[in-house]
Amino acid sequence: MAEEEKRHQIQEEWPWRELKLPEQLMAEKIRTLHATIDGEWGALPRTACQTAAGRALWNHVIHDPMAHVLAGESFLKTLHEKMKKDKLNNAREVSGVILAVRTLWFDSKIEAAVSFFGNGAQVVLLGAGMDARAYRLSCLKESNVFEVDFPELLQMKAALLQEALGSAEHRKKELKANSVTSVAADIRDSDWLEKLHIRGFAPEKCTVWVLEGILYYLPHPNAIQVLQTIAAKCLVTRTVLLADFMNQSSVSLSNSTFHFYSDWPEQLLPALGFPYVELSQIGDPDAHFGLLNDPQNLFNKLRNLPRSIQTNPEDGSPCCRLFLVEASGFPKQST
Ligand SMILES: C[S@@+](CC[C@H](N)C(=O)[O-])C[C@H]1O[C@@H](n2cnc3c(N)ncnc32)[C@H](O)[C@@H]1O
């Protein structure tokens with residue numbers, strides 16, 4: 001098919017064929033805030049804007065009205081270009097699809113856990129980044145949400161939301177959760193749990209811990225420490241952990257960015273104190289969401305290979321996997 005024809009077809013088929021930036025993003029103050037992110041932030045906090053851009057551009061399956069403003073123009077443009085290129089090349093996996101599946105998986109598991117706990121559960125987002133679940137998931141209406149991240153990120157997020165949503169009163173109206181509280185902490189430090197307590201985390205309350213896109217940025221001992229700290233909560237109250245894990249091959253893609261990995265989280269987590277663990281891979285029935293229909297796509301191919309295999313025998317490529325894991329535990333007397 002001629003290039004021009006292909007381009008035309010994309011324009012017909014894809015809801016995001018042209019990048020349409022919302023007017024809010026053009027506001028002077030929001031542009032200034034994003035100029036600070038673009039010019040001054042390091043690679044780690046910037047990943048928060050990359051994932052927000054993914055939610056913004058996969059908005060045909062993810063409803064996140066805050067995502068564009070939180071992502072910013074430069075991250076949106078970069079991802080949009082990649083998606084367009086993938087589509088032009090008829091790629092089996094379009095950029096951002098992993099993120100879309102991961103977001104939908106976490107959404108569905110958060111909803112299930114909160115409803116299992118009877119709606120009063122608190123939700124802690126470690127490495128919350130530009131996550132706007134407190135503003136978009138109505139299942140959180142009785143939940144207090146705690147967002148833990150670096151201070152500069154939380155301050156920037158608050159400033160962007162203030163510009164986008166206006167007065168405190170209006171922001172409260174837009175909030176879907178019962179409350180949302182920022183907790184400025186570095187989770188590699190030993191005092192992050194204490195900081196969470198100071199900000200109102202109630203240790204006796206049922207808790208859903210959300211570790212989305214965070215564990216692999218931590219050095220191994222810190223990741224283990226964080227998981228052990230959460231596992232210890234299983235002895236105190238009904239506890240659910242939702243987390244994604246990279247395997248060793250995935251981390252090897254960029255050893256300067258990624259650190260912690262586990263090839264067998266379903267063995268690691270019980271050893272750390274979680275009695276129950278369920279693991280899914282991208283493309284499994286609960287991690288699919290109609291986005292991975294081609295049996296030949298990378299994720300479906302990987303799912304059909306034994307997990308012990310590190311290299312794809314078909315083409316010699318590394319078997320890079322992302323595991324979506326739900327672990328839980330309860331004090332003995334509770335059911
Ligand atoms: C890839 S983003 C994921 C953000 C969000 N969970 C999401 O899925 O959109 C990783 C986030 O973890 C935060 N982060 C990384 N290391 C951290 C640390 N040691 N302490 C607190 N936050 C951290 C970063 O600032 C960033 O916001």
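This is a short walk through a predicted model, from its domains to its sheet, its ligand shell and a few single residues.

Start with the overall division. The domain assignment splits the chain into domain 1, residues 3-88, and domain 2, residues 98-329. Taken over C-alpha atoms, the centres of domain 1 and domain 2 are 22 Å apart. The two domains touch, and 26 residues from domain 1 and 24 residues from domain 2 take part in the contact. On the domain 1 side, the elements that give two or more residues are helix H2 (28-40), helix H3 (43-57) and helix H4 (67-71). H3 gives the most, with 9 residues. By class, this side of domain 1 has 19 nonpolar, 4 polar and 3 charged residues.

Now turn to the sheet. Here 7 strands form an open sheet. Read across, the order is S3-S2-S1-S4-S5-S7-S6, and the pairing is mixed. Strand S3 (179-184) and strand S6 (276-281) are the edge strands, and each pairs on one side only. From one strand to the next, the twist averages 15 degrees.

Strand S1, residues 122-126, is a good place to look more closely. S1 runs parallel to strand S4, residues 207-211, and 4 bridges join them. Along this pairing, valine 123 stands opposite valine 208 in S4. Valine 124 stands opposite tryptophan 209, also in S4. S1 also pairs with S2, again in the parallel sense and over 4 bridges. There, leucine 125 has glutamate 147 of S2 as its bridge partner.

How many of the residues of S1 are buried? The count is 5 of 5, and S1 is mostly covered. Both of its faces are covered. Gln122, Val124 and Leu126 lie on one side, Val123 and Leu125 on the other, and all are buried.

Helices pack against this sheet. Helix H8, residues 151-165, touches strand S2 (144-149) and S3. The direction of H8 makes about 145 degrees with that of S3. Helix H11, residues 220-233, lies across S1, S4, strand S5 (239-246) and strand S7 (322-329). H11 runs at about 160 degrees to S5.

Next comes the ligand. Which residues are closest to the ligand? They are Ala48, Thr51, Gly127, Gly129 and Gly213, out of 20 residues that surround the ligand. Domain 1 (3-88) and domain 2 (98-329) each supply at least three residues to this shell. The largest share, 5 residues, comes from H3. H3 is also the helix that gives the most to the side of domain 1 that touches domain 2. By class, the shell has 10 nonpolar, 5 polar and 5 charged residues.

Three loop residues round off the tour. Leucine 25 sits in the loop between helix H1 (3-13) and H2. Why does leucine 25 count as partly exposed? Because leucine 25 has 17 C-beta neighbours inside 10 Å, while a buried residue needs 20 or more and an exposed one has 12 or fewer. Leaving aside neighbours within four places in sequence, leucine 25 is in contact with Ile30, His68, Val69 and Glu73. Serine 250 gives a sense of distance. Leucine 25 and serine 250 are 225 residues apart in sequence, and their C-alpha atoms are 34 Å apart in space.

Asparagine 90 is found in the loop between helix H5 (73-88) and helix H6 (97-116). Its phi is near 55 degrees, a positive value in a residue other than glycine. Is asparagine 90 buried or exposed? Asparagine 90 counts as exposed, because 9 C-beta neighbours lie inside 10 Å.

Phenylalanine 289 lies in the loop between S6 and helix H14 (298-303). Phi of phenylalanine 289 is also positive, near 55 degrees, in a residue other than glycine. Phenylalanine 289 has 16 C-beta neighbours inside 10 Å, so phenylalanine 289 counts as partly exposed.

Key. Residues are numbered from 1 along each chain as its sequence is written. This is a predicted model: local features need pLDDT of at least 70, side-chain atom pairs count only at pLDDT 80 or more; totals for chains, interfaces and linings use all residues. Domain bounds come from an automatic or database domain assignment. Two residues are in contact if their C-beta atoms, placed from the backbone, lie within 7 Å. Ala, Val, Leu, Ile, Met, Phe, Trp, Tyr, Cys and Pro count as nonpolar, Asp, Glu, Lys and Arg as charged, and the others, Gly among them, as polar. Two strands pair if DSSP finds at least two bridges between them. Axes are lines fitted to C-alpha atoms, for helices over the stretch in contact, and angles run from 0 to 180 degrees between N-to-C directions. A residue is near a molecule or strand if its C-beta atom, placed from the backbone, lies within 6 Å of it.
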